[in-house]
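Here are a few exercises to work through at your own pace. Keep the viewer open and try each task before reading its solution.

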4 protein chains.
Amino acid sequence: MENVTIKYIKKPKLKDPILIEGLPGIGNVGYLAAEHLIDQLGGKKFATIYSKHLPSQVIVERGGVVRLVSNELYYAKGKKRDIIFLIGDAQASSPEGQYEMTDKFLDLAKELGVGMIYTLGGYALNKMVDEPRVIGAASSDSVVALGKKHGVLFIDGEPGAGIWGASGLLLGLGRRRGIEGLCLMGETSGYFVDPKSAEKVLRILASLLEVEIDYSELEKKAEEVENFAAKIADMAEFATKTSSPDDLRYIG
Amino acid sequence: MENVTIKYIKKPKLKDPILIEGLPGIGNVGYLAAEHLIDQLGGKKFATIYSKHLPSQVIVERGGVVRLVSNELYYAKGKKRDIIFLIGDAQASSPEGQYEMTDKFLDLAKELGVGMIYTLGGYALNKMVDEPRVIGAASSDSVVALGKKHGVLFIDGEPGAGIWGASGLLLGLGRRRGIEGLCLMGETSGYFVDPKSAEKVLRILASLLEVEIDYSELEKKAEEVENFAAKIADMAEFATKTSSPDDLRYIG
Amino acid sequence: MENVTIKYIKKPKLKDPILIEGLPGIGNVGYLAAEHLIDQLGGKKFATIYSKHLPSQVIVERGGVVRLVSNELYYAKGKKRDIIFLIGDAQASSPEGQYEMTDKFLDLAKELGVGMIYTLGGYALNKMVDEPRVIGAASSDSVVALGKKHGVLFIDGEPGAGIWGASGLLLGLGRRRGIEGLCLMGETSGYFVDPKSAEKVLRILASLLEVEIDYSELEKKAEEVENFAAKIADMAEFATKTSSPDDLRYIG
Amino acid sequence: MENVTIKYIKKPKLKDPILIEGLPGIGNVGYLAAEHLIDQLGGKKFATIYSKHLPSQVIVERGGVVRLVSNELYYAKGKKRDIIFLIGDAQASSPEGQYEMTDKFLDLAKELGVGMIYTLGGYALNKMVDEPRVIGAASSDSVVALGKKHGVLFIDGEPGAGIWGASGLLLGLGRRRGIEGLCLMGETSGYFVDPKSAEKVLRILASLLEVEIDYSELEKKAEEVENFAAKIADMAEFATKTSSPDDLRYIG
């Protein structure tokens, strides 16, 4: 049993491909954005990645059939450049595992001729965010310049804690292997999954990729989450009004 | 010292064997069910599995003699198909260990000619359960159909968090190696060991295996646990009645 | 860098040696007993064991000189049989590390001709213990019988959670390699280091080894700990008396 | 992918070099001291160390370009002896990783001809410290004597918990490979980064290295931290005065 196993359905021939990573993370922003883009561009799954560094679990799919926790590769044909998507159920469960899996992702990227990686994620502000902005980080000054041209904000000192997991390592390790990269982080509260933040990330990514996307489904999801959040806020306010000050101290 | 060591007492010759896994887990449901079935079918122990992925402990047996924490294999002769049981003291203590041990279990299953695996476990509802149902998950649609025929419930979105540990991985990894599998999960509170839930799981398993079982001992154990749970509930109610509302805030 | 390194000062020639393990654990009972016995028998250090499974620390000795966290081997000459002592600063920091280190200890025991292992430890009762008893566990029925002859108690179901760490694994893994073993566990509260419990363990061990020991220093240490514990108890009682019932709820 | 990778910019030729370690730790004392000294002596970076034992993160630098979490080597030319500096973003995330990385650091030190290591760190007192002292620990009595001559305090029993991480292991493992070492620990509260403690450490180090240093920037940083700490203290005092005794119980 290898530490990381890649099972190809069919290895595609791709034209100067771009890799887009949307593994689960903060607010599930990266995953939601990547998933929506795969859907919009008619992406096809071409490989599954298994690893003992992933959680030791199976997922039960509709109908009751299980599948092992995995990461997955999709591709979509573009006008100038093709696109590879890396999404999945989870990231590795240890730092060492994160390094090993990212290293394998880059072997694979090299093999498929990837020259550019976009990693997608959320940036937790730990407060409600009305208008999420998209913060960036890149592998080089020229990629920073590219990001700025498409509306990405680069703010000194943010994110102060660096970028954790595959979204960060793909850039850091990729750079050492000659692959450029740009990380797009949508601001998000960190309390809910955040389709609104995902939409903002995707609008910039669409501009970078020169593709047209219909956002209506993401917008519908964003509305659902907002309604849910509003209900929670109402309940909290009601609890505040009906509680004596004495009780309040124990909330939180 | 190997990572996983299998020590055979005697390698049995088995007829188209089924593997039944009942390692410790939620409510100890799977273990109780498997242990009772071994007892009822006169199962014989034929191998012990040691691993540094298991907890670094010894168990003290009646009489004061110790033995290393282990997993164990039993077999029982059936009419049409023989049965192998995998039970034990504990599961691996890390995700990587879970993957490695399950992989070894499947090597062993392959070697013994296993074509079908039943994994047994509990499904925690985090509330008291009067009539536990048996929820299923399977390696393929045809096994789902088989389960349904014997009364297993397949409910979309349950268990939402997937299936953790050997009960899940044996199906997920087994499927990739051509072994079909069915996981039977008895609903349980998650607060106590649950012989009642184990009985429900076992009734379905007996139907699948076409064996007759006497459930009286499991029923006796279930009664004991229910009496104990009732006492705890009485004590909690008493505490509530005799506490001032002021005190109550600090419970929990 | 090997996972476990044994550095010999001088490999001793030993007569049918017994290995005594007293690594740190509950109430430091095993360590205190072993340390006192080394002192009483004039034990000589003959090897140091380093491992990356031990905590990544150095100890600062009197005078300000550091030494790596380690395990140590001492020997003492006996009338009929010589004695090897295994003591040290710490046990391995992971289950896998515990298995690997114990395996190395047994390689070493085999090499030095060890046929019997005594492991020493504490058994936490989580309440104050006036007269600690010595509970045993052994590698075989004949060793149980030997222990009983010297006053060791073997109580069915105790310790219910098994025996953790080197004291357990040396017996469990040793048994598989043909070395007999007896674990002596002194009852202890688990709140303090417990020289009194160590003394009880040592009295039985002295009987087993047929050696005469002066216990006065252990008794002095035990008195110091008892005085300290009594002061703590007084302070708690005082706090109870001078607190309003309202305050009391927040203690603990 | 190796466990630890050293990437040289240019391997320097050094005269009887001393290694100074200032990796992040308690109060960031060691890092602040080492960073200031590199700055004062015009240190030049000559190698970067990557490892999967480090946190799986990238750092976002000013301008938005990322770099992998790493450790770094600098050198500065001295009159009699040259100096190598080991600083970085983080230490290894597991004990095993700490051992492996320190072992590589020592390979490197050996290769560059290092005969002496100074490790810098903080010693947490868990209370505010007005006049931090510098406590020492060393690889041998002669190095203890050297430290004393330059004002380092060696206090029996301190630090009681030993020295954790690279500052300790470099001495403990270095000693076994024939490299002497001295650890300088500045007393610090453990609540804040502590440039004042770093200054005290650096004054002794400067004396040991026979170099002249301008401390004004460290002093400025120390003032900033003191002002910040004073504000926090004021806020806490204000909260105390304006709270009813009833509220106070819930603070802390």
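To compare copies of a chain, they are superposed by least squares on the C-alpha atoms of residues with pLDDT of at least 70 in both. Please keep in mind that this is a predicted model.

**Exercise 1. Relating two copies**

Work out which turn lays chain A on chain D, and what kind of axis that gives.

Solution. Begin with the general idea: two copies of a chain are related by a rotation about an axis and a shift along it. For chain A and chain D, the turn is 90° and the shift along the axis is 0.1 Å, with an RMSD of 0.0 Å. This is the relation of a four-fold axis. Now look at the surfaces: only 6% of the interface residues of chain A are also interface residues in chain D, so the copies meet through different surfaces.

**Exercise 2. Reading the sheet of chain C**

Find the strand order of the 8-stranded open sheet in chain C, then decide which strands stand at its edges.

Solution. Step one is the order, which is β1-β3-β6-β7-β2-β8-β11-β9, with mixed pairing. Step two is the edges: β1 (4-8) and β9 (134-138) of chain C each have a single partner strand, so one side of each is left without a neighbour in the sheet. Step three is the twist, where neighbouring strands are turned by 20° against each other on average, direction ignored.

**Exercise 3. Around β11 of chain C**

Determine how β11(C) pairs with β8(C) and β9(C), and whether β11(C) is mostly covered or open.

Solution. Take β8(C) to start: 9 bridges join this strand to β11(C), and the two run parallel. One pair to locate is M116(C) with its bridge partner E180(C) in β11(C). On the other pairing, β9(C) and β11(C) run antiparallel and share 5 bridges; here A137(C) has C183(C) as its bridge partner. Next, helix α4 (residues 166-176) of chain C lies across several strands, including β8, β9 and β11, and runs at about 145° to β8(C). Finally, count residues under 20% relative accessible area as buried. By that cut-off, 8 of the 9 residues of β11(C) are buried, and the strand is mostly covered.

**Exercise 4. Two backbone details**

Locate the cis peptide bond in chain A and the positive phi of E210(B).

Solution. The cis bond joins E158(A) and P159(A), with omega about -10°. P159(A) sits in the loop between α3 (141-149) and β10 (163-164) of chain A. In chain B, E210(B) is a residue other than glycine, yet its phi is near 55°. E210(B) belongs to the loop between α5 (195-209) and α6 (216-242), and at 57% relative accessibility this residue counts as exposed.

Note on methods
Residues are numbered from 1 along each chain as its sequence is written. Chains are lettered from A and ligands numbered from 1 in the order in which they are written. This is a predicted model: local features need pLDDT of at least 70, side-chain atom pairs count only at pLDDT 80 or more; totals for chains, interfaces and linings use all residues. Side-chain values use heavy atoms; hydrogens and water are left out. Two strands pair if DSSP finds at least two bridges between them. Helices (H or I, at least four residues) and strands (E, at least two) are DSSP runs, numbered from the N terminus. Axes are lines fitted to C-alpha atoms, for helices over the stretch in contact, and angles run from 0 to 180 degrees between N-to-C directions. Contact means heavy atoms within 4.5 Å. Buried means under 20% relative accessible area, exposed over 50%, partly exposed in between (1.4 Å probe, protein chains only).
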